[in-house]
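Subject: Handover of a structure and findings

Dear colleague,

Please find the structure below, handed over for your use. My findings follow directly after it.

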Amino acid sequence: MQPLTGLPALWRRLCDLCEWTARAIVGGSIAAIVLITIAAVWYRYGLDRPLSWTEQVCRILFVWSVFAGAAVLYRNMLHIAIDMFVLMLPQRLQALLLWLNQGLVLLLAVLMLWFGLQISIGTLGQTFGALEISPASFYFAAPFCAALMIVFWIEKLFDPARRDPLGDVHL
C-alpha cells in the first residue's frame, strides 16, 4: 500500500492529534480519579475531615474518560463486535455491511453532536453539587466525542487501512 499524501496525509495527522488528545483525557482522568479517591479516603478516615467535592469531580472525570475512550476505540475499530456470521458472507456483502455499520455510526455521531450541544448549552446557567459546577461540565463530553468520531469517520473514507481493526475483530 502506498503512503498517504496530500489531504489524506494531513487528515491522518489531524486524527493522530485528536486521538492523542482523547487518550490524554482518558489517562489523565483515570489518574486524577485514583489520586482524588486516595485523598478522599485519607481525609475521611485518616484526618476525620471528609472532602465534599470528590464524588462530583470523579463523576465528571469518569464521564469524560468514557466518551473520549469510545472515540479512540472507534478510530481503531476495537469496539465489541460479533463477526462470526458476517465472515460467512461473500466479500461484497461484508463490505456492504461495513458501510451500513459505518453509516449508522455517523448518524449516531451527528445526533450526539446536535443534541449534546443543545443540552450542554442549555445547562450552562445551571449549577449543582458541592462545587456548584454546571452540569454542562460533563454534558459537553458527548458532543466532543461525537465530533471526534465524525473526524475519524472521514478518515476512514480517505484511508482504507483505517477500516480494519487493530485487533481480531472484522466489523
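Helix α1 covers residues 6-46, which amounts to 41 residues. From its first C-alpha to its last, α1 reaches 59 Å, close to the 60 Å expected at 1.5 Å a residue. Please note that this is a predicted model, and the values below should be read accordingly.

Several residues of α1 are buried, namely Ala9, Cys15, Cys18, Glu19, Ala22, Ser29, Ile33, Ile36 and Ala40. The partners against which the buried residues of α1 pack are two helices, α2 (54-75) and α6 (141-158).

The pairing of α1 with α2 can be described in further detail. In general, the angle between the axes and the distance between the axes serve to describe two packed helices. For α1 and α2, the angle is about 150° and the axes lie 8 Å apart. Because angles over 145 degrees count as roughly antiparallel, α1 is roughly antiparallel to α2. The crossing in which α1 passes α2 is left-handed. Sorted by class, the residues in the contact of α1 with α2 are 16 nonpolar, five polar and five charged.

Two loop residues deserve a separate mention for their backbone angles. Aspartate 48 comes just after α1 and belongs to the loop between α1 and α2. Its phi is near 55°, a positive value in a residue other than glycine. Is aspartate 48 buried or exposed? With a relative accessibility of 64%, aspartate 48 counts as exposed, because the cut-off for that class is over 50%.

Methionine 77 is the other residue of this kind that I wish to report. Its place is the loop between α2 and α3 (84-88), and its phi, near 55°, is likewise a positive value in a residue other than glycine. Methionine 77 has a relative accessibility of 6% and therefore counts as buried, the limit being under 20%.

Methionine 77 also appears among the contacts of glutamine 102, a residue located in helix α4 (residues 91-122). Which residues does glutamine 102 touch, not counting residues up to four places away in sequence? They are Tyr74, Met77, Trp153 and Lys156. The relative accessibility of glutamine 102 is 3%, so this residue counts as buried.

Yours sincerely,
A colleague

Methods. Residues are numbered from 1 along each chain as its sequence is written. This is a predicted model: local features need pLDDT of at least 70, side-chain atom pairs count only at pLDDT 80 or more; totals for chains, interfaces and linings use all residues. Side-chain values use heavy atoms; hydrogens and water are left out. Helices (H or I, at least four residues) and strands (E, at least two) are DSSP runs, numbered from the N terminus. The expected span of a helix is 1.5 Å times one less than its number of residues. Buried means under 20% relative accessible area, exposed over 50%, partly exposed in between (1.4 Å probe, protein chains only). Contact means heavy atoms within 4.5 Å. Axes are lines fitted to C-alpha atoms, for helices over the stretch in contact, and angles run from 0 to 180 degrees between N-to-C directions. Angles under 35 degrees count as roughly parallel, over 145 as roughly antiparallel, 65 to 115 as roughly perpendicular and the rest as oblique. A crossing is left-handed if the near helix is turned anticlockwise from the far one by less than a right angle, and right-handed if clockwise. Ala, Val, Leu, Ile, Met, Phe, Trp, Tyr, Cys and Pro count as nonpolar, Asp, Glu, Lys and Arg as charged, and the others, Gly among them, as polar.
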